Protein chains: 2
Amino acid sequence: MREPAVSKRIQSLQGLVVPLFQFFGRTEARRAEMGGDFSDFVAGNPQEMASGPYVGALQRWSKPLSSDWFAYRESTPEAQAAAAASLRKRLGIPFEPSDICLTNAAIAALAVAIRTVADEGDEVVIVRPPHFLYEPLIMAAGARAVRVDVDPRTFDLDVDAIAGALTPLTRAVILNTPHNPTGKVFPPETLKRLASVLEDAAGGRSVYLLSDEAYNRIVFDGRPFTSPAAYYPNTMLIYSYGKQLLAPSERIGYIALAPTMPGREEIRMAIITAQLATGYAFPNGVLQHALADLEQISVDMDLMQRRRDLMVAALRETGYQLHVPEATFYLLVRSPIPDDLAFTDLLAEERVLVMPGSMLEAPGYFRISLTASDDMIERALPGFAAAMKRAVQG
Amino acid sequence: MREPAVSKRIQSLQGLVVPLFQFFGRTEARRAEMGGDFSDFVAGNPQEMASGPYVGALQRWSKPLSSDWFAYRESTPEAQAAAAASLRKRLGIPFEPSDICLTNAAIAALAVAIRTVADEGDEVVIVRPPHFLYEPLIMAAGARAVRVDVDPRTFDLDVDAIAGALTPLTRAVILNTPHNPTGKVFPPETLKRLASVLEDAAGGRSVYLLSDEAYNRIVFDGRPFTSPAAYYPNTMLIYSYGKQLLAPSERIGYIALAPTMPGREEIRMAIITAQLATGYAFPNGVLQHALADLEQISVDMDLMQRRRDLMVAALRETGYQLHVPEATFYLLVRSPIPDDLAFTDLLAEERVLVMPGSMLEAPGYFRISLTASDDMIERALPGFAAAMKRAVQG
């Protein structure tokens with residue numbers, strides 16, 4: 001009897017990701033079955049043709065201006081400068097260009113950041129509901145994910161619970177603000193309390209705050225966004241351009257070190273080392289060349305907000321319960337029956353595809369992405385109503 | 001006294017990569033000092049403007065043909081089919097499209113493959129001189145690199161030495177064929193002997209052959225190239241388009257499972273899991289859309305061969321000792337004095353930049369990349385002669 005060929009670590013990770021593969025496989029089969037006639041709210045994916053400015057930027061910066069245009073590159077100074085300028089302007093925090101470590105989007109940035117600070121046996125605190133890859137990324141570094149729930153009533157961080165979860169093995173806390181899937185922007189006063197808890201906890205070893213801010217420009221109602229980097233020096237701000245540009249296939253983002261972080265030079269060098277060891281985790285050259293242009297491009301937030309308002313009103317009118325999201329692409333809606341998988345099956349029968357909360361560690365809910373087209377939304381509203389009716393009638 | 005903020009693993013990796021950072025830093029400073037007036041043979045980087053067909057392909061495939069053009073993607077079926085067709089045609093091995101796991105180039109492919117098969121404490125055999133990232137990638141997975149030298153006379157694999165290095169902890173052997181920096185193509189008879197050694201060794205656990213074939217199209221003299229996948233079923237063939245296209249900044253490549261590999265379905269799934277856990281290590285969408293076109297584009301091998309022949313003849317005439325490379329971009333030249341760092345400093349004074357062998361675990365040699373322009377080569381020849389003269393005169 002041969003031992004299994006796959007490493008134990010990857011075997012244990014498969015236990016986490018296989019249910020998602022199965023869900024995505026089933027969903028893909030449903031799409032194929034229905035032809036084009038369905039409304040797709042499953043993921044933060046484009047459902048309409050990409051914008052002219054975005055395509056123009058890719059094409060323009062594909063044309064070389066020098067012989068080293070397509071040479072090996074780590075973080076290029078021009079791209080670092082563009083990202084730092086944007087952060088300074090938007091967040092009012094004096095980020096330095098050399099503290100911007102460009103990566104191939106946020107998942108790679110997290111993989112790099114986690115292994116930069118955590119070793120075998122260390123702990124990383126994550127906030128539930130978490131992104132489905134947080135725990136696999138932590139386990140891949142040999143560390144252990146420790147979960148803390150958001151406040152189920154307000155969706156705000158439960159700072160006391162985070163304080164209670166910290167141990168001498170804690171090397172990092174991962175936040176996602178704005179928070180997918182709740183749409184919550186964690187408020188300044190919560191972030192200040194968290195900073196104070198983390199400062200106190202850091203006895204012998206620093207606890208890093210990995211602040212996943214992929215949605216920090218996808219904020220509604222002109223609401224200000226505050227990064228925890230404003231309050232906690234050991235913050236690595238993690239960004240992906242995939243949401244802003246609605247182009248998650250083209251992987252570019254960064255780790256930005258808070259300008260108040262002690263020992264930044266040492267950490268920068270450690271991050272570059274971790275990027276090499278994570279498979280040369282730097283963004284492609286064309287995207288780096290294009291970055292100053294890409295900074296100027298964004299999904300239409302007025303349109304997103306109109307969709308949010310329309311959907312929230314229509315769903316509430318039909319009897320659904322949900323918060324009004326402050327940010328992100330998502331509505332997190334209470335399933336009318338406790339079994340969200342059964343309910344999302346009912347929705348699928350109505351040609352409405354959504355993400356079951358059970359796939360996101362938010363059982364009893366389902367998630368709607370506002371990246372669906374207006375046409376999809378219009379067609380889906382009767383389906384949402386019909387599924388509600390069927391669920392309530394049991 | 002606070003403990004260091006950086007993980008122990010990354011600290012130990014820094015010991016490996018810092019000398020290289022320092023070398024590249026010094027080299028960059030030298031380039032800046034010399035203005036444009038130098039010959040750059042350091043890395044396999046473009047020194048001339050990128051080709052029209054390559055730029056055209058990037059621009060053409062940046063234009064979306066569907067609404068999901070820039071949606072999240074893993075390996076796309078069209079790109080898998082293009083890569084498999086090319087392998088079947090060039091190697092005569094019936095690779096299946098679904099066994100092509102597209103990654104963001106070879107370093108990411110290796111990171112993924114290593115963690116798919118190796119756990120904490122396992123061993124991976126590498127052939128010296130190795131790529132400078134092999135050991136960091138192995139250590140990042142918690143495993144240990146075990147070195148075996150090539151035959152110093154012929155640069156062929158030393159199969160007996162590999163056999164002697166295998167232990168019950170060995171989970172993989174990494175080969176690089178064609179071999180950077182020696183330019184050797186490991187011959188079929190050697191690969192057959194290696195296959196037989198690995199078959200015998202595989203008692204309880206499979207030993208995988210990770211065959212890094214980034215240069216498998218950069219072969220001179222119309223010489224045939226044979227992949228070990230032809231002989232050893234547990235082969236993962238690793239490819240990068242970065243050499244063929246001379247565009248290492250745009251990261252695309254793959255892991256191809258030999259069609260004879262047992263349990264391929266299980267391994268495929270494990271690789272996708274490892275790709276997610278390695279930071280979503282899939283190539284960007286534009287490059288995947290473009291892949292069938294990119295397959296048709298290559299550096300001009302006639303030109304490369306003329307440069308090789310010119311350089312080999314000129315260097316030998318000046319008294320340098322070197323093999324004629326069978327493949328790759330590189331000439332591995334004996335340093336006229338034992339201290340290759342001192343000699344490459346002499347060359348730099350003559351405005352000729354090369355890679356010291358000490359940076360590649362090939363002390364006593366230096367490496368020349370044929371990606372330099374004809375103009376750089378012409379200007380460098382007197383410099384090579386002058387440095388030789390100064391070295392010999394002591």
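## How the two chains meet

In this predicted model, 72 residues of chain B are in contact with 72 residues of chain A. Which elements of chain B give two or more residues to the side that touches chain A? They are the helices H1 (8-34), H2 (52-62), H4 (105-117), H5 (134-140), H8 (264-277) and H9 (285-289) of chain B. Sorted by class, that side of chain B breaks down like this:

| Class | Residues on the side of chain B that touches chain A |
|---|---|
| Nonpolar | 38 residues |
| Polar | 19 residues |
| Charged | 15 residues |

Now for the symmetry. Chain B lands on chain A after a rotation of 180° with 0.0 Å of shift along the axis, at an RMSD of 0.0 Å. The two copies are thus related as by a two-fold rotation axis. Among the residues of chain B, Gln59(B) comes closest to that axis, with its C-alpha at 2.4 Å. As for the surfaces involved, 100% of the interface residues of chain B are interface residues in chain A too, so the copies meet through the same surface.

Next, a look inside chain A. Helix H4 (residues 105-117) and helix H8 (residues 264-277) of chain A pack at an angle of about 120°, and their axes are 9 Å apart. That angle makes H4(A) oblique to H8(A), and the crossing of the pair is right-handed. On the H4(A) side, the contact is made by Val112(A), Arg115(A) and Thr116(A); H8(A) brings Ala270(A), Ile271(A), Ala274(A) and Gln275(A). By class, this helix contact has 4 nonpolar, 2 polar and 1 charged residues.

Notes
Residues are numbered from 1 along each chain as its sequence is written. Chains are lettered from A and ligands numbered from 1 in the order in which they are written. This is a predicted model: local features need pLDDT of at least 70, side-chain atom pairs count only at pLDDT 80 or more; totals for chains, interfaces and linings use all residues. Two residues are in contact if their C-beta atoms, placed from the backbone, lie within 7 Å. Helices (H or I, at least four residues) and strands (E, at least two) are DSSP runs, numbered from the N terminus. Ala, Val, Leu, Ile, Met, Phe, Trp, Tyr, Cys and Pro count as nonpolar, Asp, Glu, Lys and Arg as charged, and the others, Gly among them, as polar. Copies are superposed by least squares on the C-alpha atoms of residues with pLDDT of at least 70 in both. Axes are lines fitted to C-alpha atoms, for helices over the stretch in contact, and angles run from 0 to 180 degrees between N-to-C directions. Angles under 35 degrees count as roughly parallel, over 145 as roughly antiparallel, 65 to 115 as roughly perpendicular and the rest as oblique. A crossing is left-handed if the near helix is turned anticlockwise from the far one by less than a right angle, and right-handed if clockwise.
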